[in-house]
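User: I'd like to go through a few of the labels on this model and hear what backs them up. Can you take me through the reasoning?

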Amino acid sequence: MRNLIVINLGDGRCLSSAVGGKSAFSWVCEYARRLENAAEGIALIGRKDSPGQDGFRQARLAADTSRELVAALGELAAGCDNIIYVFGDSPFLDANLCLKMLDNHAKYYAHYTFADGYPAGLAPEIIAVRALPALAALCADTGEAVNRETLFTLIQKDINAFDLETELSPKDLRVLRASLTVDTERNRLLCERLAGRLGAEAPASEKIVSLLEEDPAIMRTLPAYACVQITDGCPQACMSCPYPIFGGDVSAKKGFMRTDDFCLITEKIAGFCGDAVIGVSLWGEPSLHPDFPGIARAVAAHPGLSLLVETSGIGWKDETLRAAAEALGSRLTWIVSLDAADAATYARLRGKGWEEASARANMLLAEFPGSSYVQSLRMADNEETLETFYRGWKEKTNNLIIQKYDWFCGFLPQRKVTDLSPLTRFPCRHLQRDISVLMDGRVPLCREDLKADEVLGNILTDSLEAIWEKGAARYQEHIAHTYTPLCGKCDEYYTYNF
């Protein structure tokens, strides 16, 4: 069978991002050469604004949308039977794994073959050229932007119309949330560490999987999520929140973080991490900040950052929400925490404000349907009405979040309905990926450190690199299964923000 390797260059970062002393694209070219007996040649696809690359038999085509991608694949692969589709930012693609997938693809005459359970960046997607017309028919008229999941997302729209083959990882490693790509500095650093351990060896999925499992320390690269307290007041004293207990009369508080200080924080995060999600709901209600559009603009000033607003839905002005959305566009996400399906349950769990909160949730879903979510905490106190909540909002949106209850290491009564914790404990994801920032700039160990007993530094005066490095000691303790009294009682270690 005639197979064509198609490399998606994306925005071209793969041509300059180095891993092990050479670009990620160079690694992918070496991978392609290992497949030369199984492929007819190599072709390139990229965004319209990405740089080209000489030396390939087929012309390079641009593809910014799913429709353009499918059309480009069809043009490049004319006369071929299958496409081996990979991304140029994946330095550890395993040629032997690809050959195994090709054998099964041909044996079972599949339309589409993919790997499951492996970290992203180890395996290709294999698509039969004969399946491209059906894929083209599934593309939206508006044309969704091309991403790493484009082909599979299209197939999911009518999955029964395609014959699929799946290459399963011997061990499901999705729990690691690892991406062996150079699309972010965080992921590039992980790849750099793996390259140092591989040496001159050709990438092999078995070896890489073993390294990830045996040395969890390499997974702690750069923060991906920063949760910042921008106000100290809150209109509600929710029974599931510890803040009204340790924070005092939160309804009377009027403090807020200066916009200039928040700008400094975003500058440091962007400079250190490159990209990150900035949450502004550590403690306090973000709607009470007097310059929330300025907060949004501070995030918007850095293309790699996005803003997450988790809110009660109370206290907002329409013009404030729209100004924030205008500044950030798709880089802004809203989560309205309701926790109840009716006014009576809401009053018992959260207090006053049901009408305003539910109206605000409806407004956000109507004006920003792709980036607004409705959330309910799941706990014993609302379990009986949770299905009603879910069914009621499901009629309006698919953007529903059911959040686990957090007892904050024993600070609150245990109200969880079921135990979701893994059978075997692994190092804390929040120590691996998150930082928390209080209104005065102090960075406690994590959100669970309610009294800030362990402060890693002050982001307004200290370098973020030094703060982040100081937190590595606790992460190393988790690797050794050694826990402080706080960490020992925590059941948030396996939850994941971004």
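**Helix α14 and its surroundings**

Analyst: Sure. In this predicted model, helix α14 has Leu386, Phe389 and Trp393 as buried residues.

User: How do you know that they are on the same side of α14?

Analyst: Look at the arc around the axis: they cover only 65°, so they end up on the same side of α14. The face turned away from that buried side carries Glu384, Thr388 and Arg391, which are exposed. As for what covers the buried residues, that includes α13, β14 (372–378) and β15 (400–404).

User: What span should the twelve residues of α14 have, and what do the end C-alpha atoms give?

Analyst: At 1.5 Å a residue, α14 (residues 383–394) should span 16 Å; its end C-alpha atoms are 17 Å apart, so the two agree.

User: Why is threonine 320 called buried?

Analyst: Its relative accessible area is 17%, and buried means under 20%, so threonine 320 qualifies. Threonine 320 belongs to helix α11. Setting aside neighbours within four places in sequence, threonine 320 is in contact with Phe292 and Pro293.

User: What makes up the contact of α11 with α13?

Analyst: From α11 (residues 318–328) come Asp318, Leu321 and Arg322, and they meet Arg360, Met363, Leu364 and Glu367 in α13. By type, that contact has three nonpolar, no polar and four charged residues. The two helices pack at an angle of about 35°, with axes 12 Å apart, and their crossing is right-handed.

How values were computed
Residues are numbered from 1 along each chain as its sequence is written. This is a predicted model: local features need pLDDT of at least 70, side-chain atom pairs count only at pLDDT 80 or more; totals for chains, interfaces and linings use all residues. Side-chain values use heavy atoms; hydrogens and water are left out. Axes are lines fitted to C-alpha atoms, for helices over the stretch in contact, and angles run from 0 to 180 degrees between N-to-C directions. Helices (H or I, at least four residues) and strands (E, at least two) are DSSP runs, numbered from the N terminus. A crossing is left-handed if the near helix is turned anticlockwise from the far one by less than a right angle, and right-handed if clockwise. Contact means heavy atoms within 4.5 Å. Ala, Val, Leu, Ile, Met, Phe, Trp, Tyr, Cys and Pro count as nonpolar, Asp, Glu, Lys and Arg as charged, and the others, Gly among them, as polar. The expected span of a helix is 1.5 Å times one less than its number of residues. Buried means under 20% relative accessible area, exposed over 50%, partly exposed in between (1.4 Å probe, protein chains only). The arc is that of the directions from the helix axis to the C-beta atoms.
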